[in-house]
Amino acid sequence: MESTTILELVDIIKRELPARPKSDISIFSHQYVHELKAGRMNMNQMIQMRELVDEYGDDWDCIGKALGVPPSRARRNWVEHSGDVGNNSAWSLDEARQLQQLIDSGVKPQEAARLLRIRLYRAYQDKSPVAKSLASRRRDAALSGSPWAAADDETLLKIIHGTTISGAIRWEQASMVLDRSISACKQRLSAINRKRKRKQALDDRVNLVTSEVQRQIKSNGAVDWSQVCQATGLGMHECLELSQHDVGKASWHYDPDSFSHSMVDRMTSFIEEYYPAPVPVNSRAVSNFMWVAMGDCIRIHNVFQGKFTWMDAEYEQAEALRAQGLAFKEVARRLSPMLSGQNVLAALKRYAWSKKVRTPYTSHRMEEISELIDQYAGKCPVDEILSKISKRIGKSVYKNHYYVTVFRLAAHPHYQTKSHNIDFNDVANRIVTGQITTKLAAKELDLPQCILALRIKHLSFKLLS
């Protein structure tokens, strides 16, 4: 059918479908023949092409002739679909090193791809500047092995400092010591230098503003931020964010009888002007503008934004006020202007319930759990052991000590010895293929579920990969 011409196909269709318009038959014939010539080849042809590419490289005239298809069709199919029969995985460390060595030695990307039996279209992509840069990044990432750590940066800087004193930088030495490509080392050094310059510039501005603030406080006892701006040449907003001087700032606490709402309005206006939502609020700038301790500014801002957080100190304060005979509404007014009496009532109920169920981790309780585990381990199933311990120490205490109980059970010598005698490869394979769940497998083997999960985790990753 591939050798059929358009005219022959038109005649065949006319004889089979005489009622069809001639224009429709002509359009269909042209599209069909074009798709037939340019379309995807079958899997057998692609496998045969793999062998021909290994033999002829990128000689598409020979490959097309051997397959009986036009050279352009063979090349297009190889570039677009060779991953189905070739290596379509990520760059491996060995592959990246070999490819780098071949290209550095002058071997063309197509020939390097043929020698390494990797997908050829990846080598063709290297011809364009953008794709070449991306391919270089892939090779650098594969050669790097892992992200740059602080120790790697220190090693790189030591090598660079040592070589620059004696002469030119020996990038080959850095590449060999760090097991990274030369281009990766150069890019990392540029990034380190840029980061250093930015940090140095920021530190210089911080020291400049902080010194001016300290000078004004020492001479005038107060800060005039307009003068700080004139002396430093920076804007008001930037000066407020940069100043690190906190000595002498006032404290600010919420007292319903003497609290000044004008200060809250001043702080709110400043935040709305400089940090409108969703811009995050710079607490340092707010603290410098109000000349109030930063922690107090944050606390008051949260109080008047309705973000009251119930902690043990707030619960205890509410209980103490209730013990004095104050109504829930009055307790709410003293704690925060955003609270209601119903909020306080609900919070104190939660606190009373939590005190009943919360049991501290005492040594006596730990010893009791360990004795129960020794008593039941190996004599009854794991699920029954946990159920028996729950009944013995109480459900609320067991709930609070659940993870302690489970991990102590997993650490018991009986289950540790038993786990060493089990072949987890078969279990991992069954879990990965969906034949059984981890919970059912643990029950079947009579092991704590955490032991099974930890033992087969890396095996499952290997099977999935």
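## A walk through an all-helix model

The protein has 28 helices and zero strands, and what you see above is a predicted model. Of its 465 residues, 35% count as buried. If you look at contacts between residues at least 6 apart in sequence, 61% of them join residues at least 24 apart. The accessible surface comes to about 28500 Å², and carbon and sulfur atoms account for 53% of that surface.

Let us begin with the aromatic rings. The structure holds four aromatic pairs. One of them brings together F270 and Y274, with 4.8 Å from centre to centre and 45 degrees between the planes, a tilted arrangement. Both residues belong to helix 15, which covers residues 261-274, and they are four residues apart, about one turn of the helix. Their surroundings can be compared too: F270 is buried, with a relative accessible area of 3%, while Y274 is partly exposed at 27%. F270 also pairs with Y275: the ring centres are 6.3 Å apart and the planes meet at 65 degrees, so this pair is edge-to-face. Y275 counts as buried because its relative accessibility is 5%, under the 20% limit. Together, F270, Y274, Y275 and F289 make up one aromatic cluster.

F289 leads us on to charges that sit over rings. The charged end of R266 lies over the ring of F289, 4.4 Å from the ring centre. In a similar way, the charged end of K249 sits over the ring of W291, at 5.3 Å from its centre. K249 turns up again in the surroundings of N288, a residue of helix 16 (residues 283-290). Is N288 buried or exposed? With a relative accessibility of 1%, N288 counts as buried. Leaving aside neighbours within four places in sequence, N288 is in contact with W225, L240, S243, H245 and K249.

Now move along the chain to the largest nonpolar core, which has 29 residues. The members that touch the most others are I385, I389, I393, L409, Y415 and L452. Which helices supply at least two residues each to this core? They are helix 21 (363-376), helix 22 (382-393), helix 23 (395-400), helix 24 (402-410), helix 26 (424-432), helix 27 and helix 28 (449-464). Helix 22 gives the largest share, five residues. I385 offers a view of the neighbourhood: apart from residues within four places in sequence, I385 is in contact with Y376, A377, C380, L409 and Y415. There is also a second, separate core of 26 residues, with V213, W252, I271 and Y275 among its members. You have met Y275 already, as part of the aromatic cluster.

Helix 27, one of the contributors to the largest core, makes a good last stop. This helix spans residues 438-445, and A441, A442 and L445 are buried in it. These three cover an arc of only 100 degrees around the axis, which means that they lie on the same side of helix 27. What does the face turned away from the buried side carry? There you will find the exposed residues K439, L440, K443 and E444. Just after helix 27 comes D446, which takes a positive phi of about 60 degrees.

Definitions and conventions: Residues numbered from 1 in each chain as written. Predicted model: local features only at pLDDT ≥ 70, side-chain atom pairs only at ≥ 80, totals over all residues. Heavy atoms only, no water. Buried < 20%, exposed > 50% of the residue type's maximum accessible area, 1.4 Å probe, protein only. Contact = heavy atoms within 4.5 Å. Areas by Shrake-Rupley, 256 points an atom, 1.4 Å probe, with all protein chains shown as cover. Phe/Tyr/Trp six-rings, centres within 6.5 Å; stacked < 30°, edge-to-face > 60°. Lys NZ or Arg CZ within 6 Å of the ring centre and 35° of its normal. Arc of directions from axis to C-beta. Core = buried A, V, L, I, M, F, W, Y, C linked by side-chain atoms within 4.5 Å.
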